[in-house]
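User: I should like to learn how to read the features of a protein model, step by step. May we work through one together?

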Amino acid sequence: MPFTELQNELDARAAQGLLRTRRTLESPQSPHIIVDGKPYLAFCSNDYLGLANHPQLVAALQQGAQQWGVGAGAAHLVSGHFSAHQQLEQELAAFVGKPAALLFSTGYMANLGVVQALVGKGDTVFADKLNHASLNDAMLLSRAAIKRYRHGDMAQLEQLLGQVKDGRKLIITDAVFSMDGDIAPLPELLALCEKHDAWLYVDDAHGFGVLGEQGRGSLAHFGILSGGHARSPLLNPLPHAGEEANESLRAFHVNRIIYMATLGKAAGVSGAFVAAEPAVIETLINHAHSYVYTTAAPPALSVTLSQSLQLISQGDELRAHLKQLITQLRGGLSDLPWRLMPSDTAIQPLLVGDNQAVLELSNALRERGIWVAAIRPPTVPQGTARLRITLSAAHSTANVAQLIGALHELAC
Ligand SMILES: *Cc1c(COP(=O)(O)O)cnc(C)c1O
């Protein structure tokens with residue numbers, strides 16, 4: 001039986017508490033979901049602003065389908081590139097302060113396409129060890145040499161950069177680390193790029209829509225948008241440089257950033273985009289296989305996303321509420337046997353450690369009607385299994401109080 005070997009591997013995985021299974025939702029994404037006929041209070045989506053089932057976006061998708069139909073029918077380079085895509089790309093580029101942007105069908109595909117198109121044999125990728133799996137796959141696919149640095153360790157990164165003399169150098173990083181919630185030191189990374197003539201690829205899947213002024217993302221959070229105001233001390237004027245020179249110096253710095261954000265998390269829909277200098281975008285259109293060799297996403301999704309961008313830019317109240325929930329949760333969980341990881345973002349992991357123990361905790365919460373995802377290796381390093389609590393602006397303070405209360409009960 002050819003399947004016996006597979007089944008044995010699956011059984012071994014199950015014995016270690018590592019078998020993955022899916023649960024089927026019978027309701028739209030929201031803090032209140034129905035699974036197997038039972039209602040749950042959920043803290044595990046990446047729908048940070050509660051837009052996934054927003055009535056204005058549902059209406060925009062209906063209107064988009066009326067106007068454009070349901071399928072793009074071809075790849076972007078054949079006959080699948082619509083004015084709805086084009087308009088959204090322009091809006092996204094302007095929103096994140098870059099001259100050009102390119103849509104991809106998913107963030108996973110954007111990461112594969114960008115890294116593969118920009119570096120290859122003879123080049124080197126420098127990567128944080130806690131980067132998202134899609135960035136790890138992307139660098140393997142690119143066939144560039146790979147140097148991984150300890151999480152956030154700028155000294156080690158600098159040392160590694162100094163060892164490489166030839167070829168292109170590309171630093172790749174999550175902006176907000178997806179399983180940890182902490183934010184990468186983007187100004188320091190940018191300064192290292194400047195010093196070592198490297199490029200910086202920033203994956204802002206969890207920052208776009210949530211961080212920075214108007215939700216413009218992690219670059220805005222640090223004041224390193226091309227069109228924004230420089231706030232980082234590392235981007236200060238050179239001595240004796242005049243105002244104009246300062247501006248061009250800063251522009252030169254931020255040009256090194258290739259920005260990617262996904263559109264299925266805070267934006268509530270689906271897809272991703274890359275924003276960068278026009279030469280980078282042209283290169284992707286010509287060389288990124290996951291862009292060239294795939295059917296374009298439905299134009300109706302772009303119509304929906306243009307509307308989502310409006311809601312994001314006007315979403316200060318949603319972001320303020322989310323911030324309040326984060327403070328409430330951190331305050332309420334400070335005295336548990338399990339430690340909250342250091343994070344100021346909507347991703348609030350509770351470190352449990354043992355694979356079986358995290359499953360038991362997650363199951364016990366579920367018996368109390370609360371859904372939080374247990375995250376285990378290989379998604380996170382061995383011995384660091386955790387509950388990945390994610391908050392959304394759609395949660396109420398009463399919802400968060402309920403989670404805090406349940407975790408205290410289970411800690412006794
Ligand atoms: C979710 C995620 C992706 C993948 O994006 P999709 O649009 O879901 O394919 C990439 N990078 C990070 C950091 C993510 O969290």
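User: How many salt bridges are counted between domain 1 and domain 2?

Analyst: Please keep in mind that this is a predicted model. The count between domain 1 and domain 2 is one salt bridge. As for a pair that can be inspected directly, Arg386 forms a salt bridge with Asp180, and their closest N and O atoms are 3.2 Å apart.

User: Which parts of the chain belong to each domain?

Analyst: Domain 1 is made of two stretches, 17-49 and 315-411, while domain 2 covers 60-313. Taken over C-alpha atoms, the centres of domain 1 and domain 2 are separated by 28 Å.

User: How is the size of an interface often given?

Analyst: It is often expressed as the accessible area lost when the parts come together. Here, domain 1 and domain 2 bury about 1,400 Å² between them, and 60% of that area is on carbon and sulfur atoms. In domain 1, the residues that lose the most area to domain 2 are Tyr48, Arg319 and Thr345, which together account for 31% of what that side buries. One may also count residues: 21 residues of domain 1 are in contact with 20 residues of domain 2.

User: Let us turn to empty space. How many cavities of 30 Å³ or more are there?

Analyst: A cavity is a space where a probe fits but cannot get out, whereas a pocket is open. In this model the count is two cavities of 30 Å³ or more. The largest cavity has a volume of about 140 Å³, and 19 residues line it. Those nearest its centre are His76, Leu103, Phe104, Ser105 and Ala297.

User: Which element gives the most to the lining of the largest cavity?

Analyst: Helix 13 does, with three residues. By class, the lining of the largest cavity has ten nonpolar and nine polar residues, and no charged residues.

User: What is the volume of the second largest cavity, and which residues are closest to its centre?

Analyst: The volume of the second largest cavity is about 80 Å³. It is lined by 13 residues, and Ser30, Pro31, Ser45, Ser392 and His395 are the closest to its centre. Its lining has six nonpolar residues, six polar residues and one charged residue.

User: What lines the largest pocket?

Analyst: The largest pocket holds about 700 Å³ of space and is lined by 23 residues. Nearest its centre lie Thr21, Arg23, Trp371, Ala373 and Ala374. Strand 1 (32-35), helix 15 (355-367) and strand 13 (373-375) each supply at least two residues of this lining, and helix 15 gives the most, with four. By class, the lining of the largest pocket has twelve nonpolar, six polar and five charged residues.

User: Finally, I should like to look at the backbone. Is the peptide bond from Pro377 to Pro378 cis or trans?

Analyst: Most peptide bonds are trans, and most residues other than glycine have a negative phi. The bond from Pro377 to Pro378 is cis, with omega near 5°. Pro378 is placed in the loop between strand 13 and strand 14 (385-390).

User: Is phi of Asp36 positive or negative?

Analyst: Phi of Asp36 is positive, near 50°, in a residue other than glycine. Asp36 is found in the loop between strand 1 and strand 2 (38-42).

Notes:
Residues numbered from 1 in each chain as written. Predicted model: local features only at pLDDT ≥ 70, side-chain atom pairs only at ≥ 80, totals over all residues. Heavy atoms only, no water. 1 Å grid on protein atoms, 1.4 Å probe; cavity = no way out; pocket = protein on both sides within 12 Å on 5 of 7 lines; lining within 4 Å. Points joined across faces, edges and corners; volume = space filled by probe spheres on them. Nonpolar A, V, L, I, M, F, W, Y, C, P; charged D, E, K, R; others polar. Domains from an automatic or database assignment. Contact = heavy atoms within 4.5 Å. Buried area = accessible area lost by both parts, 1.4 Å probe. Salt bridge = Lys/Arg side-chain N within 4 Å of Asp/Glu carboxyl O.
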